[in-house]
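Colleague: Please take a close look at a single part of this model, the place where two helices from the two chains meet, and explain it step by step.

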Amino acid sequence: MAVPEVKEKYAGRIQEVTLGAGSRGKTVAIGGESTLPFLHFEGTVANRPAIAIEVSDREPDDWSPLLKEAWGDVMGDPAKWAAKAEELGADVIALSLDSAHPERGNTGADDARKTVRKVLEATTLPLIVYGPGQKDKDNEVLVAAAEEAKGERIAIGNAEEKNYRTIVAAALANDQVVIAKSPMDVNLAKQLNVLIGDMGIPKDRIIMDPTTGALGYGVEYSYSVMERVRLAALGGDATLQQPMVLTVGYEAWRTKEARTNDEVPQEWGDWAQRAILWEANTAITLVNTGANLLVLRHPQSVALVRKAIDRLMAGA
Amino acid sequence: MALSGIQIYKVLPQTNCKECGVATCLAFAMKLAARQAELSACPYVSDEAKAMLDTAAAPPIRLITLGAGDRKLEVGNETVVYRHEKTFVHQPGLFLRLPASLSDADFAAGVDKVAGYTVERVGQMLRTDGVAIEGASADAFAARVKQAVDKGLAVILLASDPAVIEAGLAAAGNTKPLIYAGAGADSAALAPLAKKYSASLTVGAAGDLEALAAATEKAVAAGAEDLVLDPGMTGWADALALPAQLRRAAIKKNFKQLGYPIIAFPGSLSDSAEEEAMLASLLIGKYAGLIVLDRFDQAVVYSLLALRQNIYTDPQKPIQVSPGLYEIGEPEPGSPLLVTTNFSLTYFSVAGEVEGSGRKAWLLVADSEGLSVLTAWAAGKFDAEAIAKAVKTTGVAEKINHKSIVLPGAVAGLSGELEEELPGWKVLVGPRESIGIPSYLKLLASQ
């Protein structure tokens, strides 16, 4: 008895979004696939999932010692940090303008411009620029970043339901890409994409961040939300066809498993191995349900995820 | 694939004799379709109808049991392709491969490592399931299988010589081992052995699903019932593509010949323990029934057990944490007291943010029947009364030297009522989202 045909014929396709232009030595395209992750037998996986390395504009005081050990001195200087991240295999630099947070330095638009300029000069890679996650400061520094990097096609974020207009307008005016972040819910993700699209920004300039939890801390919710988003998109729902970015490093490295080795059960095993795997396994689980861009923190998990993606693309 | 009432009605006697206790054959058919009646209630049912209903009632992926007693492992019986459609049912078994080349001491150490590993997460004890033992000579194999079985582990017998396999089967007794004779083995020839010892049997075919289906058909014809599939993954992309095709064929097309759990050996496609862990993670996410590891680092095993627990949580019934008082970072009597609900994700978000802030706090988890803060509040399961009850039953007042409690910002409206329920307490309103907790705690500490 012949095995029945199980290939799906999807009506939709994921939108391709390109980061980088102008003085960037490299551009990075994400999305564009016409099937579920790496099912090369039934569709095209147009672009491999890309890896961004997170770089902060202020030396983080709450990062795991393992990360500090891995990056060393460059953590105090976003330009050097970005250069080193490029050397260690990043496709994209995710620059966090964390110092703009009112409690973490309260720096302003001028500082943001200088930092963005410095980092653009230090690396040939495309950039994501994140605000500090506080509404007014996000608006202030992301507008500055979008203007400063005009012509470079960076991604700026996060645009959220409660605060997207100014950020989207800045992306629109300066030909940048915007990251639309929604809290782990298919309908909220859809709604935000529609609201942002209604401002007139083309679809090839929106990336969505459906939010993830780390392994052991809700990753299964993201797994299922992302799978539902992806199936709807492939089924033809044009409001969910944006490629997906996930801040895996941020989530994985604030888990107890990654942060610390104090008073943890012996069964948790070697700290460094556990912490790196916590990030790498969170990343690969999300790649399994449709992640197109992963923001990571540790050089070793970057290397592991990169090699895994190489292997998964080898079937193309 | 389930049959409709009309499909069932067509093969019933259609005499409306009422002897089954239902007024008409059509009504009886509808009950059968809804699984509210048994076909045996009809005294006149034909063999044709029986055969049809038996086939339809069988699960699309056969349930396979390995091991016995406390460590009995069941895999298969899955009913959906995508987790959100309902839930994944039986978590994949995790095994350690123990090569024949190991010294007796190293073998014993391997068995002990697997048998001795348990770790607690969200109130559940997690552990690996067994060992896959490679056989060389019959005697040595039998001794090793017995050693593992005596420790209570489920066993997979990795051997190709029927005499060696039989020695292993005999040593495994009634613990339902799985025979794995290698990807190219003639599994039909081993079917009688599997039957004799109530063992399950692996059927393999390298990368070719037609050949795999033909091989399972042959094994079934030779008397084997409980099969496991080795689709012969030659790379990581295969490790996603082959299980995806098998799962779809079994569930969407009800293709019985491929309706069995899948076994995978991620170590043979990896260069390091970390890579093996990542491929195993992909296989846990999508469709493996049995995963045989070549390496057993505690950190690897822990991360895989956590992932397995996550993915196999029923999305409709999220894990709850036990209500009670949780200590985050060894709090002192003066540390702040926060309250939230017992939905696991809510708990983890809040606890994670407190931990992430590096500060100490008491976290009071009220019983909201597993609902998140706003949902529980809307359903009346997280109100002033419930919070006051949690304060009293946990005896938190004796552990702290202040009388302040921090409410989630989303239910700020409860503060008045809560002050009435807890006379003498000061009710503070925390941030709406857990992400705001670090700043809030910092602010609180500075006051």
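Modeller: Helix α7(A) passes helix α11(B) in a right-handed crossing, meaning that the near helix is turned clockwise from the far one by less than a right angle. This is a predicted model, in which local features need pLDDT of at least 70 and side-chain atom pairs pLDDT 80 or more, while totals for chains, interfaces and linings use all residues. Residues are numbered from 1 along each chain as written, chains are lettered from A and ligands numbered from 1 in written order, and side-chain values use heavy atoms, without hydrogens and water.

The helices, DSSP runs (H or I) of at least four residues numbered from the N terminus, are α7 of chain A, residues 219-234, and α11 of chain B, residues 298-311. Their axes, lines fitted to C-alpha atoms over the stretch in contact, come within 8 Å and cross at roughly 55°. α7(A) and α11(B) are therefore oblique to each other, as the angle is neither under 35, over 145 nor 65 to 115 degrees.

In contact (heavy atoms within 4.5 Å), A:Val219, A:Glu220 and A:Tyr223 of α7(A) meet B:Leu307, B:Asn310 and B:Ile311 of α11(B). By class, four of these residues are nonpolar, one is polar and one is charged; Val, Leu, Ile and Tyr count as nonpolar, Glu as charged and Asn as polar.

Chain B itself is divided into domain 1 (5-57), domain 2 (64-311) and domain 3 (324-446), with bounds from an automatic or database assignment. The C-alpha centres of domains 2 and 3 of chain B lie 45 Å apart.

Methods: Axes are lines fitted to C-alpha atoms, for helices over the stretch in contact, and angles run from 0 to 180 degrees between N-to-C directions. Helices (H or I, at least four residues) and strands (E, at least two) are DSSP runs, numbered from the N terminus.
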